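Visitor: I should like to go through this structure step by step, with the reasoning behind each reply. May we begin once the sequence and structure are displayed?

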Amino acid sequence: MFRTAVFAALALSLFAVPALAQPDGEQLFNQQCGLCHNDETMGPTLAGVSGRKVGGSGFDYSPALKAKGEAGATWTDAELDIFLKGPPAYAPGVKMFMAVPQDDNRAAIIAYLKTLK
Ligand code: HEC
């Protein structure tokens, strides 16, 4: 019984923890995005980005991202997902290169972006 419990705890610490079953969107954002997105110096503000027109804040965007917005694109969850998977693939010529390759991390970050008002 005790051995089983110890083994279970070990298994959890070895396998469950590194996999981070539920990524924390706020933590990921602070680690990977905040540097450029906490003010308008390095990147556009992401407050209210969910549902906003692509390239829709006062930031000095690349022509690539502006063209997306002018063509009618808005930041839906699906649009954010494609963008964050590979910004240069979404809009060749974009000025942001930070990608989030892991699906669950992207989902957590997109959920957190919705809380930024
Ligand atoms: C090294 C700086 C940098 C980092 C790190 C960074 N970004 Fe960006 N981001 C930018 C820049 C610059 C732009 C504007 C790109 C353009 O104009 O082509 C941008 C644009 C965006 C946009 C489009 C905003 C709009 O108004 O249309 C979103 C959404 C975004 N970033 C999300 C993120 C997320 C989420 C992360 C973290 C995973 C992140 N960024 C990390 C610099 C950065």
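Visitor: How many residues surround the ligand?

Guide: The model is a predicted one. A residue belongs to the surroundings if one of its heavy atoms lies within 4 Å of the ligand. The closest are Cys33, Cys36, His37, Ser62 and Met96, and the full number is 24 residues.

Visitor: Which residue has a side-chain N or O atom 2.7 Å from a nitrogen atom of the ligand?

Guide: A polar contact requires a pair of N or O atoms within 3.5 Å. The pair in question, at 2.7 Å, joins a nitrogen atom of the ligand to a side-chain atom of histidine 37.

Visitor: Which residue offers a polar backbone atom to an oxygen atom of the ligand?

Guide: Arginine 52 has an N or O atom 2.8 Å from an oxygen atom of the ligand, but that atom is in the side chain. For the backbone, a polar atom lies 2.8 Å from a ligand oxygen, and the residue is lysine 95.

Visitor: Which element gives the most to the shell around the ligand?

Guide: The ligand sits in the largest pocket. Two or more residues of the shell come from each of α3 (34-37) and α5 (77-85). The greatest contribution is three residues, and the helix that gives them is α5.

Visitor: How many residues of the shell around the ligand are nonpolar, polar and charged?

Guide: Cysteine and methionine count as nonpolar, whereas arginine and lysine count as charged. On that basis, the shell divides into 18 nonpolar, four polar and two charged.

Visitor: What is the volume of the largest pocket?

Guide: The lining of this pocket comprises 29 residues, with His37, Gly43, Pro44, Phe83 and Met96 nearest its centre. The elements giving two or more residues to the lining are α2 (25-32), α3, α5 and α7 (103-113). Its residues divide into 21 nonpolar, six polar and two charged. The volume is about 520 Å³.

Visitor: Is isoleucine 110 buried or exposed?

Guide: Isoleucine 110 is part of helix α7. Its C-alpha is 9.5 Å from that of alanine 78, although the two are 32 residues apart in sequence. The cut-off for burial is under 20% relative accessible area. Because isoleucine 110 has a relative accessible area of 6%, it is buried.

Visitor: What percentage of the residues of the protein chain count as buried?

Guide: The secondary structure of the chain comes to seven helices and zero strands. Among its 117 residues, the share that counts as buried is 36%.

Terms used: Residues numbered from 1 in each chain as written. Predicted model: local features only at pLDDT ≥ 70, side-chain atom pairs only at ≥ 80, totals over all residues. Heavy atoms only, no water. Polar contact = N/O pair within 3.5 Å; in protein donor to acceptor, adjacent residues only side chain to side chain. 1 Å grid on protein atoms, 1.4 Å probe; cavity = no way out; pocket = protein on both sides within 12 Å on 5 of 7 lines; lining within 4 Å. Sits in = over half its atoms within 2 Å of the grid points. Helix = DSSP H or I, 4+ residues; strand = E, 2+ residues; numbered from the N terminus. Points joined across faces, edges and corners; volume = space filled by probe spheres on them. Buried < 20%, exposed > 50% of the residue type's maximum accessible area, 1.4 Å probe, protein only.
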